[in-house]
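Time to open my notebook and go through this one piece by piece. I'll jot down what I look up as I go.

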Amino acid sequence: MERWKGRVALVTGASVGIGAAVVRALVQQGMRVVGCARNVDKIEKLAAECQSAGYSGTLIPYKCDLSNEEEILSMFSAIKTLHKGVDVCINNAGLAHNEPLLSGKTEGWRNMIDVNVLALSICTREAYKSMKERNVDDGHIININSMGGHRVVPSADEHFYCATKYAVTALTEGIRQELREANTHIRATCISPGIVETEFAFRHHNSDPEKAAAVYESMKCLKAEDIASAVTFVLSAPPHVQIGDVQMRPVEQVL
């Protein structure tokens, strides 16, 4: 991670769970991290924690609604003004709504598309633009995908979510191919975790907290820090090594 010290990373969905763990790991490694979310209170608290822990990097909280393209563009403009640009873009923000294919509400589907697919694509495009205009040839785009992007779970409340994550799998490979066409050494990777113990299931099953708790009590789940370790592993790979996808599950997870 030595070569990333002092470089700028953007982490979306940085207030809780995987995003917060990734932010902490990168700040610890000496990066300047812009952590964005709709609510920055928790990111501000995390920034103070990182500072008091004596981490060599810094965390800059940024308020941004990723379902609004104008806010994303404004964020990239602010990063350019204040920090020159983005060297590492970690598209972590993602959500699931309990909206089956045969009975779900369009509004829930649209929100999943907006955040899981469109925001990821807009942030990737803008991060690449930022790298290109500064002649950064060693940048990295990391998409936090899901095992749901590689197999469809037999559970109606996750089918549309899985479709958005299959899109992330295709987008990451498409980005890799376009980066090759552009003759750049910027890399693209996705990390696909199985069940991670975060607030995700509680948001997903917001009307049934017992069902959410049961998901995490059924096995020894991955921790957010396990995904953060995968991120630092990917970033630490030698510049000639392209890690395409890291698939990781709890040992006890069946599907």
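Which residue takes a positive phi just after H2? I looked it up: Gly54 does, at about 80°. Before going on, a reminder to myself that this is a predicted model.

**Entry: helix H2**

I stayed with H2, which covers residues 41–52. I checked its length next: H2 has 12 residues and spans 17 Å from first C-alpha to last, close to the 16 Å expected at 1.5 Å a residue. Then I asked which of its residues are buried, and got Ile43, Leu46, Ala47 and Cys50. These sit on the same side of H2, because they cover an arc of only 105° around the axis. What do they pack against? I found helix H1 (17–28), E2 and E3. Flipping to the face turned away from the buried side, I noted the exposed residues Asp41, Lys45 and Ser52.

**Entry: the strands around H2**

Next I looked at E2 (residues 32–37) and E3 (residues 58–63): they run parallel and are joined by 6 bridges. I picked one pair to find on screen, and Arg32 has Thr58 in E3 as its bridge partner. Put E2, H2 and E3 together and I get a β-α-β unit; its hand is right-handed.

**Entry: helix H3**

On to H3, residues 69–83. I counted along with the viewer: H3 has 15 residues and reaches 21 Å between its first and last C-alpha, close to the 21 Å expected at 1.5 Å a residue. Its buried residues are Ile72, Met75, Phe76, Ala78, Ile79 and His83. Looking down the axis of H3, I see these buried residues within an arc of 160°, so they line one face of the helix. That buried set packs against strand E1 (8–12), E2, E3 and helix H4 (106–133). On the face turned away from it I wrote down Glu70 and Thr81, which are exposed.

I also checked both ends of H3. At the start, Asn68 has a side-chain oxygen that comes within 3.0 Å of the backbone nitrogen of Glu70. Just after H3, Lys84 has a positive phi of about 75°.

**Entry: two residues in helix H4**

Lys84 came up again when I clicked on Ser130, which is in helix H4. Beyond residues up to four places away in sequence, Ser130 touches Lys84, Gly85 and Val86. Is Ser130 buried or exposed? Its relative accessibility is 8%, so Ser130 counts as buried.

Asp114 is in H4 too. I got 22% for its relative accessible area, so Asp114 is partly exposed. Leaving out residues up to four places away in sequence, I listed Leu66, Ser67 and Ala119 as what Asp114 touches. I also took one distance: the C-alpha atoms of Asp114 and Gly94 are 9.5 Å apart, with the two residues 20 apart along the chain.

**Entry: the loop after E5**

Where is Asn145? I found Asn145 in the loop between strand E5 (140–144) and helix H5 (159–181). Asn145 counts as buried because its relative accessibility is 4%. Skipping neighbours within four places in sequence, I noted that its contacts include His150, Lys165, Thr169 and Cys190.

Ser146 is in the loop between E5 and H5 as well. At 9% relative accessible area, Ser146 is buried. Again setting aside neighbours within four places, Ser146 is in contact with Tyr161, Lys165, Ile191, Ser192 and Pro193. What does the Ser146 side chain reach at 2.8 Å? I traced it to the backbone nitrogen of Gly148. One more distance for the page: 8.8 Å separates the C-alpha atoms of Ser146 and Val168, which are 22 residues apart along the chain.

**Entry: strands E6 and E7**

Ile191 had just turned up as a contact of Ser146, so I followed it. Ile191 stands opposite Val246 in E7. I then looked up the strands themselves: E6 (residues 187–193) and E7 run parallel, with 4 bridges joining them.

Last thing I checked was which way the side chains of E7 (residues 245–248) point. They alternate: Val246 and Met248 face one way and are buried, whereas Asp245 and Gln247 point to the other face and are not buried.

Terms used:
Residues are numbered from 1 along each chain as its sequence is written. This is a predicted model: local features need pLDDT of at least 70, side-chain atom pairs count only at pLDDT 80 or more; totals for chains, interfaces and linings use all residues. Side-chain values use heavy atoms; hydrogens and water are left out. Two strands pair if DSSP finds at least two bridges between them. Helices (H or I, at least four residues) and strands (E, at least two) are DSSP runs, numbered from the N terminus. A crossover is right-handed if, with the strands pointing away from the viewer, the path from the first strand over the helix to the second runs clockwise. The expected span of a helix is 1.5 Å times one less than its number of residues. Buried means under 20% relative accessible area, exposed over 50%, partly exposed in between (1.4 Å probe, protein chains only). The arc is that of the directions from the helix axis to the C-beta atoms. Contact means heavy atoms within 4.5 Å. A polar contact is a pair of N or O atoms within 3.5 Å; within protein, one must be able to donate a hydrogen and the other to accept it, and residues adjacent in sequence count only if both atoms are side-chain atoms.
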